[in-house]
Amino acid sequence: FVPGAVVQRYHGRVSQHFLRETDHIDADEGVGGIGAFTHSVQVEANCVVHRLIAAVGGNALLNYTCHHHVIVDDDDDSSAYQFITITGQAVTLAWPASPAE
């Protein structure tokens, strides 16, 4: 739901899976730890999905869902893995013109 907007065109379902790995998760080195890694993966995945929607001619993703399947932090070797899925409906939204007052 986007207030005041009307779905002008439906482009289809979006379902993208992302698997990321790092071997530099040590918070003592200023990297930020598992929280920073999780945040950076989320931001990068959102950017990829945003560009995918633009590539098919859309300007919005309705019913956005992000499912974090696995987040693994291995303390022994400072590595971490994350697997997420982002889904939704790619659409083109339009805003009706306001009546002249």
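## Helix, strands and a lone salt bridge

The structure holds zero disulfides. Keep in mind as you read that this is a predicted model.

Let us start with the cysteines. A disulfide is a covalent bond between the sulfur atoms of two cysteines. For C47, the closest cysteine sulfur belongs to C66 and lies 13 Å away, which is too far for a bond. Looking from the other side, C66 has its closest cysteine sulfur in C47, again 13 Å away and too far for a bond. A disulfide would need the two sulfur atoms within 2.5 Å. As for their surroundings, C47 counts as partly exposed because its relative accessibility is 44%, and C66 counts as partly exposed at 24%.

**The helix and what it packs on**

Helix α1 covers residues 33-55, a run of 23 residues. From its first C-alpha to its last it reaches 33 Å, close to the 33 Å expected at 1.5 Å a residue. Which residues of α1 are buried? They are G33, F37, T38, V41, Q42, A45, V49 and I53. These buried residues pack against three strands: β1 (6-22), β2 and β3 (79-94). Just after the helix, G57 takes a positive phi of about 95°.

**One salt bridge**

How many salt bridges does a search of the whole structure find? The search finds one. In this salt bridge the side chains of R20 and E44 meet, with 2.1 Å from N to O. The pair links distant parts of the chain, with R20 in strand β1 and E44 in helix α1, 24 residues apart. R20 is partly exposed, since its relative accessible area is 29%, and E44 is partly exposed as well, with 39%.

**Along strand β2**

Strand β2 runs over residues 60-74, and several of its residues are worth a visit. A60 has its place in this strand. Is A60 buried or exposed? A60 counts as buried because its relative accessibility is 13%, below the 20% that marks the limit for burial. Leaving aside neighbours within four places in sequence, A60 is in contact with I53, Q89, A90, V91 and L93. I53 is itself one of the buried residues of α1. The C-alpha atoms of A60 and V7 are separated by 9.5 Å, although the two residues are 53 apart along the chain.

N63 is also found in strand β2. Its phi is near 60°, a positive value in a residue other than glycine. Most residues other than glycine have a negative phi. N63 counts as exposed, because its relative accessibility of 59% is over the 50% limit.

V70 lies in β2 too, and its 37% relative accessibility means that V70 counts as partly exposed. Together with V72 and Y81, V70 forms a nonpolar patch on the surface, and the three share about 210 Å² of accessible area.

**From the loop into strand β3**

D76 lies in the loop between β2 and β3. Its relative accessibility of 75% is the reason that D76 counts as exposed. D76 and V49 are 27 residues apart in sequence, and their C-alpha atoms are 33 Å apart in space.

In strand β3 we meet S79, which is buried because its relative accessible area is 4%. Neighbours within four places in sequence aside, S79 is in contact with T22, D23, I25, V72, D73 and D74. Among these partners, V72 belongs to the nonpolar surface patch.

T87 is found in strand β3 as well, and at 13% relative accessibility T87 counts as buried. With its neighbours within four places in sequence left out, T87 is in contact with R13, V14, S15, L61, N63, Y64 and T65. One of these partners, N63, is the residue with the positive phi near 60°.

**Exposure side by side**

Here are some of the residues discussed, with their accessibility.

| Residue | Relative accessibility | Class |
|---|---|---|
| S79 | 4% | buried |
| A60 | 13% | buried |
| T87 | 13% | buried |
| V70 | 37% | partly exposed |
| N63 | 59% | exposed |
| D76 | 75% | exposed |

Methods:
Residues are numbered from 1 along each chain as its sequence is written. This is a predicted model: local features need pLDDT of at least 70, side-chain atom pairs count only at pLDDT 80 or more; totals for chains, interfaces and linings use all residues. Side-chain values use heavy atoms; hydrogens and water are left out. Patches are made of residues with over 30% relative accessible area and no salt bridge: like charges are joined within 9 Å, nonpolar side chains (Val, Leu, Ile, Met, Phe, Trp, Tyr) within 5 Å. Accessible areas come from the Shrake-Rupley method with a 1.4 Å probe; for residues, only the protein chains shown count as cover. A salt bridge is a side-chain nitrogen of Lys or Arg within 4 Å of a carboxyl oxygen of Asp or Glu. Helices (H or I, at least four residues) and strands (E, at least two) are DSSP runs, numbered from the N terminus. Buried means under 20% relative accessible area, exposed over 50%, partly exposed in between (1.4 Å probe, protein chains only). The expected span of a helix is 1.5 Å times one less than its number of residues. Contact means heavy atoms within 4.5 Å.
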